[in-house]
Every structure is written in structure tokens, then in C-alpha cells.
2 protein chains.
Amino acid sequence: MQIAIVGLGLMGGSFALGLKNSDHTLVGFDHNEKHCQSALELGLVERIADFDEVKRSDVVILAIPVEAIIKAMDSLHDIAPETTVIDLGSTKEKIIAAIPETLRNNFVAAHPMTGTEKFGPHAALPDLYEDKIVVLCDLKDSGQLHVRRALELFNLLQMKIVKMDAADHDLHAAFISHMPHALSFALARAVLAQQDPKSILTLAAGGFKDMSRLAKSSPDMWTDIFKQNKQNLLHSLKHFQQELDSCTKMVEDDDFESLHSWIAQSNKLHHIL
Amino acid sequence: MQIAIVGLGLMGGSFALGLKNSDHTLVGFDHNEKHCQSALELGLVERIADFDEVKRSDVVILAIPVEAIIKAMDSLHDIAPETTVIDLGSTKEKIIAAIPETLRNNFVAAHPMTGTEKFGPHAALPDLYEDKIVVLCDLKDSGQLHVRRALELFNLLQMKIVKMDAADHDLHAAFISHMPHALSFALARAVLAQQDPKSILTLAAGGFKDMSRLAKSSPDMWTDIFKQNKQNLLHSLKHFQQELDSCTKMVEDDDFESLHSWIAQSNKLHHIL
């Protein structure tokens, strides 16, 4: 098959690298001319295609920010019934709601639960998807051929497949990914706002580095995600807020016995995780 | 020299392992009988000493929770002038304030900026301290002999030495370590409080694992730290809270242009870190 990767950054570039040893033909497309050049230099794809060729490919992978995925649907409305379109966006409800009727059968909505805080073609990794979970949403509305092809590709990438309603996915993703990004951004900003952040950061060890790693993430990508998953993000932030308020109150009130139980309870996460 | 390690958990056990190839004699002490047995089985120390022998050692390392460090001072008030006492606690002001006048010359207040979320003798690592920062506080009040010995030991462990006022240390440690622990505990609890945490956690990838790792930490140790660094912790939580409130408000108001700048600003942390 010819697979066209739209968006040659971390996700698209890694998708291409992960399939490099398969017998599929990989072509790339990116609005950013520099990304196209880098993708060729790095050997992510065999060549850069124009958008007409992208549309004539067997599979089109949309590895672009979630708002751009919705915009791309206009240009894809006239593709052939046998062309598979797979998006890799971190939100699913708004994207699925935006699929034109004529394209719904072609479309497979996927969210690979993987990534790094880096972005662009140079961030691409051959094993980014290996052993990771990919969530496929609302598969009942995708055509059989297209589901079969999606499963084939994610299997080739050695991913673990989880099927889920888009609504459940978006709620879970808010708790597991989107809200934690908000915390990491806020943590980084709180330190930067101090009089002498350098002195504070001199003391940074593994814990702080882990907690602030997500604060390296792309503003373009994450503004879009927060916009599209607004209600679930606000809901998960409210739950986090209640917990942090409890903690603050126990410390203020010198209620260290309750604080001990509160911390001990949080340890239980790792019985599940 | 004979070095007595009081507290044979992660920090004390790793301190002993890090000095294993030196010509110092390492003895251990722990109220927990099982920890003593494990420390011997793991070869962390040569033997277990009683507290009288601990007090007659050349150096006493206090690798116990910060409230226990303060309690231990009573039992140490009558040690010889040439015995060095070094504490490894994560808070420094309250500990230094609690040192009896007669012990002040002996005492070197240290905070090694390292650790893992694990605890107990089995968590000990030979290279836990290597290349990490150790903050030494208010050294002007420690005797020359004792400062020299502390520097010798931290150099043997290949640590990078930073000298700082206890007040600055405690403020910085709140931002870089104590407040991030509170966030991680609250995050873990927010997910656990949901109807089906297992379904949510199925989707956990590297980002969530990083953000929730600190929520494995010991309730005993962290209740003490939050108690001793109460004011700085509340201060840093307030700063974090302001940032998170801004984020929440921008999302509520659909002000995604401002949100983009807010996220982009947080990226700058990594120009320093």
C-alpha cells in the first residue's frame, strides 16, 4: 500500500520510521518546507508528495494538531471510498463530530498513548509506538476495509489496541494526559515567576525534572487540545483542585494526622498502575 | 574513621553503599529490627551498633525523617566535641533551630538533592549520590573539623557541594521538591477518586507516570517535611495556584490566544534547567 503521512513531526515521523521495514510505500506531506527537507534528510519518508497524491494514496495518516485535523477534512471530502484516513489526534469527540458524512466510512479515529515532550522531524523515534496503547474510537462507524487496514498498521507498529467510545476516551485522556500537562505548565511558570529562578533550579533533582518535563510541550499542539477537550479538562481540573485544596487546608490547620492518611491513600495509585 | 549511619533506608543505605570502597568503618543503627537484618544481608554496613557506640563514632549520619532528626538531638547532646553529626533532612531551618547549643559546633546540616520514590534498605543504590547536589546550610556555625569531614565524605560520594542559608534552602526546596510532591499526591488522588480508575489508568503513558511517580513516596517522611516547611510550602502552593487559576480561566473564557502565550512562556523553564 501507499501510505501518505500528513505532518512530519514527532508523531508522523515516528509512524513512518516504525513502518520503514514493512513493504509499504511511505510518502510525506507537510505545510512546513523545512520539515519536508528534514524528513527527506532523515529518511523518514521516500519522497514528499503533493496533496493530490496524498488523496490518491491507500492510507492517509493525519499526524497534525487536532484543530488542523478538523480543517483538513474539507480537503479530503472527495477521496475515493477505498482510501483509509486515520487521525492520531489526542482528542476524539470533536474530531469525530466534524467528519463529513461522505468521509465517515473512510475514517478511523485513533489516539496512540505515546509521545515525548519534543517535536518536529528530528524528534522522530523508530520505537515510539512499540508496546504502547492505541485507542481506537467509535469503530462501528468506520468501514470494515478501513478498520482492517488500521489494525494491520498498528499491529505492524507493535501497538496494543484498546477500543473505546470517543466520549469515554476524552474524559479519560483529560485525567491521564491533558490535566497533567496543565499542572506541569503551571509548575514551570510558578518557578519562573520567582525572583531568582536560577538559584531555585540549581537544586532541581529527578522529581522536579519529571514534574516539569511536560512543560516543554508544543504550545500549538496543546492549545488546540485544551480547546477541543475544554469541558473534560475543566472537569478534571476541578477534581484535582479539590484534592489540592484539601492538602492546603490540612497543612494550614496543622492536621498532620489527616495529611498522613491523605498521602498514604495516594500511594495506592501504584497498586493499579 | 568509624561512621555510624542512623536510619538504614534509601538515604542511609545508599550513603553506606557509596562509601563501601573507602577505608572507613561503617556501622548501622535503626529502630526497625527488620531494617537492621536487611541492611546486614544486603551488606550495607559491617555491623549493627547500639546507640552508645553510635555516639562514640567519629561521624554520625542522621538519615531519618526530619521530625525524628529533631527528636534524636536529645540523645546526642552529650557526645564528644570531636564527633561530627551530619543530618540529611529535606528541611533545614527547623532542624538547625532545634540543635542544642552544646551540639551546634558538632553539627553539619546537609540536604542531598537526590532520592527515588522507593524506601527501605532494599531501595539503597550505590550511586544515588554520585554527581548530585548536596546543599550545606549555615556552615559558619559548624566547627572546622566537622565541616572538613563533611566535605571529605560528600566528595568521596562524588557530590557537587552548594552552600546556602537555611532560609533560602527551605524556600527553594518548597518550590523544587515539596510543592511538586503535593501536586503529585493530589493528581494520584484525583484519578483514584473517579468511578473507574482502572479504565483511566489503562491509558497511562510516560507523561502520567512521570507526574505521578512522586505519589509513591513515604507518608511518614513527607508528612514531617510538610509540617516542618509549612510556611514555604503554603507560599509555593499559592504561587502554583495562581498559575493554575489563570489557566482554568483562559480555558473557561475561550481565550486560547492568551493560553498559547501562557504555555509558550512555560517552555522557557527548559532554557534554564
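These notebook entries record what I looked up in a predicted model.

**Entry 1: chain A as a whole**

I began with the overall make-up of chain A, which has 13 helices and eight strands. Along the principal axes, its C-alpha atoms fill a box of roughly 65 × 40 × 30 Å. I then looked up burial and found that 53% of the 273 residues of chain A count as buried. I also checked how far apart in sequence the contacting residues are. Among contacts in chain A with a separation of 6 or more, 70% join residues 24 or more positions apart.

**Entry 2: the two domains of chain A**

I noted that chain A is divided into domain 1, residues 2-164, and domain 2, residues 169-272. Taken over C-alpha atoms, the centres of domain 1 and domain 2 of chain A are separated by 30 Å. I next looked at where the domains meet: 14 residues of domain 1 of chain A are in contact with 16 residues of domain 2 of chain A. On the domain 1 side, the elements giving two or more residues are helix 4, helix 5 and strand 7 (133-137) of chain A.

**Entry 3: strand 5 of chain A and its partners**

I followed strand 5 (residues 84-87) of chain A residue by residue. T84(A) and I86(A) point one way, V85(A) and D87(A) point the other way, and all are buried. I recalled that side chains alternate between the two faces of the sheet in a regular strand.

On one pairing, strand 4 (residues 59-62) of chain A runs parallel to strand 5 of chain A over four bridges, and L62(A) stands opposite D87(A). I traced the link between these strands and found that strand 4, helix 4 (residues 66-76) and strand 5 of chain A make a right-handed β-α-β unit.

I then turned to strand 6 (residues 107-112) of chain A, which pairs with strand 5 of chain A in the parallel sense over three bridges. Here the bridge partner of D87(A) is A109(A). The chain passes from strand 5 through helix 5 (residues 93-98) to strand 6 of chain A, in a β-α-β crossover that is right-handed.

**Entry 4: helix 1 of chain A**

I asked how many of the residues of helix 1 (residues 10-18) of chain A are buried. The count is nine of nine, and the helix is mostly covered. The buried residues include L10(A), F15(A) and L17(A). I looked up what they pack against: strand 1 (2-6), strand 2 (25-29), helix 2 (33-41) and strand 4 of chain A.

**Entry 5: the sheet of chain B**

In chain B I found an open sheet of eight strands, in the order 3-2-1-4-5-6-7-8, with mixed pairing. Strand 3 (47-48) and strand 8 (160-164) of chain B stand at the edges with a single partner strand each, so one side of each has no neighbour in the sheet. Within the sheet, strand 5 (residues 84-87) and strand 6 (residues 107-112) of chain B pair in the parallel sense over three bridges, with D87(B) opposite A109(B). Helix 1 (residues 10-18) of chain B packs on the sheet and touches strand 1 (2-6), strand 2 (25-29) and strand 4 (59-62) of chain B. The direction of this helix makes about 160° with that of strand 1 of chain B.

**Entry 6: the nonpolar core**

I closed with the largest nonpolar core, and asked which of its 182 residues touch the most other members. They are I5(A), I61(A), I5(B) and I61(B). I looked further at I61(B): leaving aside neighbours within four places in sequence, its contacts include I3(B), I5(B), F15(B), I86(B) and L88(B).

How values were computed. Residues numbered from 1 in each chain as written. Chains lettered and ligands numbered in written order. Predicted model: local features only at pLDDT ≥ 70, side-chain atom pairs only at ≥ 80, totals over all residues. Pairing = 2+ DSSP bridges. Contact = placed C-beta atoms within 7 Å. Axes fitted to C-alpha atoms, helices over the stretch in contact; angles between N-to-C directions. Buried ≥ 20, exposed ≤ 12 C-beta atoms within 10 Å, placed from the backbone. Right-handed = clockwise from strand over helix to strand, strands pointing away. Core = buried A, V, L, I, M, F, W, Y, C linked by C-beta atoms within 7 Å. Domains from an automatic or database assignment.
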